[in-house]
Amino acid sequence: MACTFAYRIYDKVQLSYEEAEKQCQRDRARLIAIKTSEQQRIMTGKTSRSEAYWIGLDDRASEGDFVLSDGTKPKYLNWDSGQPNNYIKNEKDQDCAMLFQGTWNDNQCDQTLRFICEIPFLEV
Ligand SMILES: [Ca+2]
Ligand SMILES: [Ca+2]
């Protein structure tokens, strides 16, 4: 039995990280947990390079301690150089990861961005 995924890229709406999570949950999905360079390559190809997309990776619970949307610690990482930098703007730090131009960057979670959901299903 293998677990595979279907993906849904939300290109027309822009939501905060939390609202994007909720939207994914309404699809019985979650924000995408990118775990391999192959998966990253596919997503880079399917999204617009000029736009940023939330992915399922955040350090909201503990600063600097990033966790994937499936609750696991990331082994594959694809941060842009100098990221994550937890940049503080208007007294808010950066705890939520986005995909932008093929690499990841931490951003303020209340920013409204496009996002990618993954729908896990079991194959028998
Ligand atoms: Ca942070
Ligand atoms: Ca950042």
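**Exercise 1. The annotated span**

Which residues does UniProt list for "domain: C-type lectin"? State how far apart the end C-alpha atoms of the span lie.

*Solution.* The model is predicted. The unreviewed UniProt entry gives residues 7-118 for this domain. In the model, the C-alpha atoms at the two ends of residues 7-118 are 5 Å apart. The span is 18% helix and 32% strand.

**Exercise 2. The calcium site**

Identify the residues that coordinate the calcium ion (ligand 1), and explain what the pair Glu63 and Gln94 ties together.

*Solution.*
1. The donors come from Asp59 (OD, listed twice), Glu63 (OE, listed twice), Asn86 (OD1), Gln94 (O) and Asp95 (OD).
2. Their distances to the calcium ion (ligand 1) run from 2.3 to 2.7 Å.
3. Along the sequence, the donor residues follow the spacing D-x3-E-x22-N-x7-Q-D.
4. Glu63 sits in the loop between strand 3 (52-58) and strand 4 (67-68), and Gln94 in the loop between strand 4 and strand 5 (96-100), so the pair ties together parts 31 residues apart in sequence.
5. Relative accessibility is 45% for Glu63, which is therefore partly exposed. For Gln94 the value is 7%, so Gln94 is buried.

**Exercise 3. The faces of helix 2**

Determine which residues of helix 2 are buried and which are exposed on its other side.

*Solution.*
1. Helix 2 covers residues 37-46, and its buried residues are Gln39, Gln40, Met43 and Thr44.
2. Viewed down the axis of helix 2, these buried residues fall within an arc of 135°, so they line one face.
3. The general reason is that an α-helix has 3.6 residues a turn, so residues three or four places apart point the same way.
4. On the other side of helix 2, the exposed residues are Arg41, Gly45 and Lys46.

**Exercise 4. The cavity**

How many cavities of 30 Å³ or more does the structure hold, and which residues line the largest cavity?

*Solution.*
1. The structure has 1 cavity of 30 Å³ or more.
2. The largest cavity contains about 40 Å³ of space.
3. Its lining consists of Thr44, Thr47, Ser48, Arg49, Glu51, Tyr53, Leu99, Phe100, Gln101 and Gly102.
4. Sorted by class, the lining has 3 nonpolar, 5 polar and 2 charged residues.
5. Thr44 thus appears in two exercises: Thr44 lines the largest cavity and is among the buried residues of helix 2.

**Exercise 5. Cys24**

Is Cys24 buried or exposed, and how far apart in space are Cys24 and Asn107?

*Solution.*
1. Cys24 belongs to helix 1 (residues 17-26).
2. Its relative accessibility is 0%, so Cys24 counts as buried.
3. Cys24 and Asn107 are separated by 83 residues in sequence and by 19 Å in space, C-alpha to C-alpha.

Note on methods: Residues are numbered from 1 along each chain as its sequence is written. Chains are lettered from A and ligands numbered from 1 in the order in which they are written. This is a predicted model: local features need pLDDT of at least 70, side-chain atom pairs count only at pLDDT 80 or more; totals for chains, interfaces and linings use all residues. Side-chain values use heavy atoms; hydrogens and water are left out. Buried means under 20% relative accessible area, exposed over 50%, partly exposed in between (1.4 Å probe, protein chains only). Helices (H or I, at least four residues) and strands (E, at least two) are DSSP runs, numbered from the N terminus. The arc is that of the directions from the helix axis to the C-beta atoms. On a 1 Å grid over the protein atoms alone, a cavity is a set of points where a 1.4 Å probe fits but cannot get out, and a pocket is an open set with protein on both sides within 12 Å along at least five of seven lines; lining residues have an atom within 4 Å of a point. Grid points are joined across faces, edges and corners, and a volume is the space filled by probe spheres set on the points. Ala, Val, Leu, Ile, Met, Phe, Trp, Tyr, Cys and Pro count as nonpolar, Asp, Glu, Lys and Arg as charged, and the others, Gly among them, as polar. UniProt positions are given in the numbering used here, feature names are shortened, and annotations may be inferred rather than shown by experiment. Donors are N, O and S atoms within 2.8 Å of the metal (3.2 Å for Na, K and Ca); water is not among the atoms, so sites may look incomplete.
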